[in-house]
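Let's work through a protein structure together, one small exercise at a time. Keep the sequence and the 3D view open while you read.

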Amino acid sequence: MSVSRRTLLTTAAGAAVAVGASTPTAASAATPDASDQASATRTLRQAADYAVAKLRAVAPGVTGFPVGTKFEKWTYSQNGDWVGGFWPGQLWLAWLYSGEEQFKTLALASAEKLAPRQNDTSTHDLGFLFYPSWVTAWRLTGDEKWRAGAVQAASSLSKRFNPAGGFIRAWGALGDPNNAGRVIMDTMMNLDLLAFASRQTQDPKYLEIAVAHAKTAQRTFVRPDGSTPHVFDFDPVTGAPIGPNTVQGYSPASCWARGQAWGVYGFTTIHRRTGDAEFLTTARRLADFALSRLTPDNVPVWDYLAPQAPNDVKDASAGVIMACGLLDLAELTHCARYRESALRILTAVSRTCLTTKSTRAEASVARCTRNRPAEDGIEVSLPYADYYLLEGILRVLDRRGMDRAIDLSSV
């Protein structure tokens with residue numbers, strides 16, 4: 001359940017609903033019962049109020065980049081690890097929602113600390129690091145340095161492309177033979193940084209790499225039923241496929257819920273940047289599988305095909321990530337079912353997964369699982385859960401604002 005600073009729908013909330021309903025997709029997805037829609041909108045606004053209030057209280061004392069909680073308190077990385085972009089990203093969204101300048105000030109200061117990472121060629125996670133932080137900073141401020149830094153990060157990411165196999169290597173420094181042929185589903189979410197760089201530089205090479213990687217993932221990851229493994233391995237020299245694997249899922253044959261969510265969102269986004277209908281078809285297949293495995297509480301289990309599923313630990317982060325992708329899918333396919341599913345997930349997380357009953361919690365979203373096989377971060381809070389909860393809510397309440405922040409346009 002969620003704590004609200006507003007007990008009634010405000011005029012702003014009503015205006016937000018009107019904006020959302022102005023699109024054909026939103027109109028077609030409207031629930032038959034207006035009171036249900038008003039209740040869902042109120043729940044989402046209360047959750048956003050809670051998340052912003054939490055940031056207002058916690059953010060001034062944050063000393064690094066939150067990576068996860070231990071006993072409900074953030075633990076930090078000083079260089080951002082792979083999640084560094086989500087903290088300034090949250091602050092930008094809080095600024096959009098509230099208009100409070102302190103959030104903008106804190107977002108700029110936090111993003112600045114990521115500057116050394118724009119030249120980091122040792123990770124595929126540069127999209128996670130620089131899109132919600134530096135690309136959003138440029139889109140909201142117009143300051144050229146943020147645009148230039150994001151393009152430089154895309155250039156660093158492009159160096160990890162293996163032309164023999166048509167994939168972006170996930171882990172390991174360039175030249176390190178370990179994991180040289182390892183590809184993970186998460187990388188689908190880093191491709192939009194490359195698409196951004198091609199738009200900004202008018203150089204097609206970045207988008208070409210993104211498309212090549214997406215086509216490789218589409219061909220090798222997606223099973224006939226629409227499920228996916230976390231990992232797929234290739235021979236790094238010849239590019240020949242070796243087979244599925246996993247790190248954070250239960251097994252190579254299972255379906256890690258957050259990886260599936262990255263796929264739904266990532267394939268939808270690469271479709272928006274290219275217009276390639278096959279990417280949209282793939283996104284729908286992944287979404288349909290995940291939705292078929294969603295339990296009545298509308299909060300994903302950590303792995304849809306683990307032996308104890310669906311009676312297993314939850315991962316609310318997988319839910320809010322997938323909800324963002326489903327809202328995109330609803331617009332692109334004019335399929336009301338995807339929007340309705342996204343709203344059910346967002347309202348379920350808002351009602352059952354927030355930290356409202358704790359006086360010590362520093363995050364907004366609980367019930368997230370980082371890496372169950374490693375017994376690392378089971379039912380904790382994670383920075384990307386807080387970020388994507390706000391993104392999903394603002395996509396519903398203020399789509400125009402979210403478009404300003406992250407570019408929701410399609411070719």
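The exercises below use a predicted model, and each comes with a worked solution.

**Exercise 1. Strands β1 and β2**

Task: Describe how β1 and β2 are paired, and work out whether β1 is enclosed or open.

Solution:
- Step 1: Find β1 at residues 65-70 and β2 at residues 73-77.
- Step 2: Look at the pairing. The two strands run antiparallel, and five bridges join them.
- Step 3: Pick out some partners. G68 has T75 of β2 as its bridge partner, and P66 stands opposite Y76.
- Step 4: Look at the connection. β1 and β2 form a hairpin, with two residues between them.
- Step 5: Check burial. Of the six residues of β1, five are buried, so the strand is largely enclosed by the rest of the structure.

**Exercise 2. Two residues with positive phi**

Task: F71 and N298 each have a positive phi; find where each one sits and decide whether it is buried or exposed.

Solution:
- Step 1: Start with F71. Its phi is about 50°, although F71 is not a glycine.
- Step 2: Locate F71. This residue is in the loop between β1 and β2, which is the turn of the hairpin.
- Step 3: Judge its exposure. The cut-off for exposed is over 50% relative accessible area. F71 has 64% relative accessibility, so it counts as exposed.
- Step 4: Turn to N298. Its phi is about 65°, and N298 is not a glycine either.
- Step 5: Locate N298. This residue is found in the loop between α11 and α12.
- Step 6: Judge its burial. Buried means under 20%. N298 has a relative accessible area of 17%, so it is buried.

**Exercise 3. A cis peptide bond**

Task: Find out what omega is for the peptide bond from A309 to P310, and where P310 lies.

Solution:
- Step 1: Read the angle. Omega is near 5° for the bond from A309 to P310, and the bond is cis.
- Step 2: Place P310. It belongs to the loop between α11 (277-293) and α12 (316-333).

**Exercise 4. The largest cavity**

Task: Describe the largest cavity and say which elements give two or more residues to its lining.

Solution:
- Step 1: Recall the idea. Rolling a probe the size of a water molecule over the atoms shows where empty space is left.
- Step 2: Count the cavities. The structure has three of 30 Å³ or more.
- Step 3: Take the largest cavity, which holds about 220 Å³ of space. It is lined by 19 residues, and those closest to its centre are Y131, M189, D192, Y265 and Y388.
- Step 4: Group the lining by element. Two or more residues come from each of α6 (126-141), α10 (257-274) and α14 (383-397).
- Step 5: Find the largest share. α10 provides it, with five residues.
- Step 6: Sort the lining by class. There are ten nonpolar, three polar and six charged residues.

**Exercise 5. Helix α14 and the loop residue L382**

Task: Check the length of α14 against its expected span, then explore L382.

Solution:
- Step 1: Compare the lengths. With 15 residues at 1.5 Å a residue, α14 should span 21 Å; the C-alpha atoms at its ends are 21 Å apart, so the two agree.
- Step 2: Check burial. α14 is mostly covered, with 15 of its 15 residues buried.
- Step 3: Move to L382. Its place is in the loop between α13 (336-352) and α14.
- Step 4: Judge L382. Its relative accessible area is 0%, so L382 is buried.
- Step 5: List some contacts. Leaving aside neighbours within four places in sequence, L382 touches several residues, including V67, G68, W74 and C368.
- Step 6: Compare sequence and space. L382 and C368 are 14 residues apart along the chain, and their C-alpha atoms are separated by 6.6 Å.

**Exercise 6. Two buried residues**

Task: For V231 and L194, name the element each lies in and a few of its contacts.

Solution:
- Step 1: Place V231. It lies in strand β6 (residues 231-234), and it is buried with a relative accessible area of 0%.
- Step 2: Find its contacts beyond four places in sequence. Among them are R182, V183, F221 and P244.
- Step 3: Place L194. It lies in helix α8 (residues 191-201), and at 0% relative accessibility L194 counts as buried.
- Step 4: Find its contacts beyond four places in sequence. Among them are A154, L157, I168 and Y206.

Definitions and conventions. Residues numbered from 1 in each chain as written. Predicted model: local features only at pLDDT ≥ 70, side-chain atom pairs only at ≥ 80, totals over all residues. Heavy atoms only, no water. Buried < 20%, exposed > 50% of the residue type's maximum accessible area, 1.4 Å probe, protein only. Helix = DSSP H or I, 4+ residues; strand = E, 2+ residues; numbered from the N terminus. Pairing = 2+ DSSP bridges. 1 Å grid on protein atoms, 1.4 Å probe; cavity = no way out; pocket = protein on both sides within 12 Å on 5 of 7 lines; lining within 4 Å. Points joined across faces, edges and corners; volume = space filled by probe spheres on them. Nonpolar A, V, L, I, M, F, W, Y, C, P; charged D, E, K, R; others polar. Contact = heavy atoms within 4.5 Å. Expected span 1.5 Å × (residues − 1).
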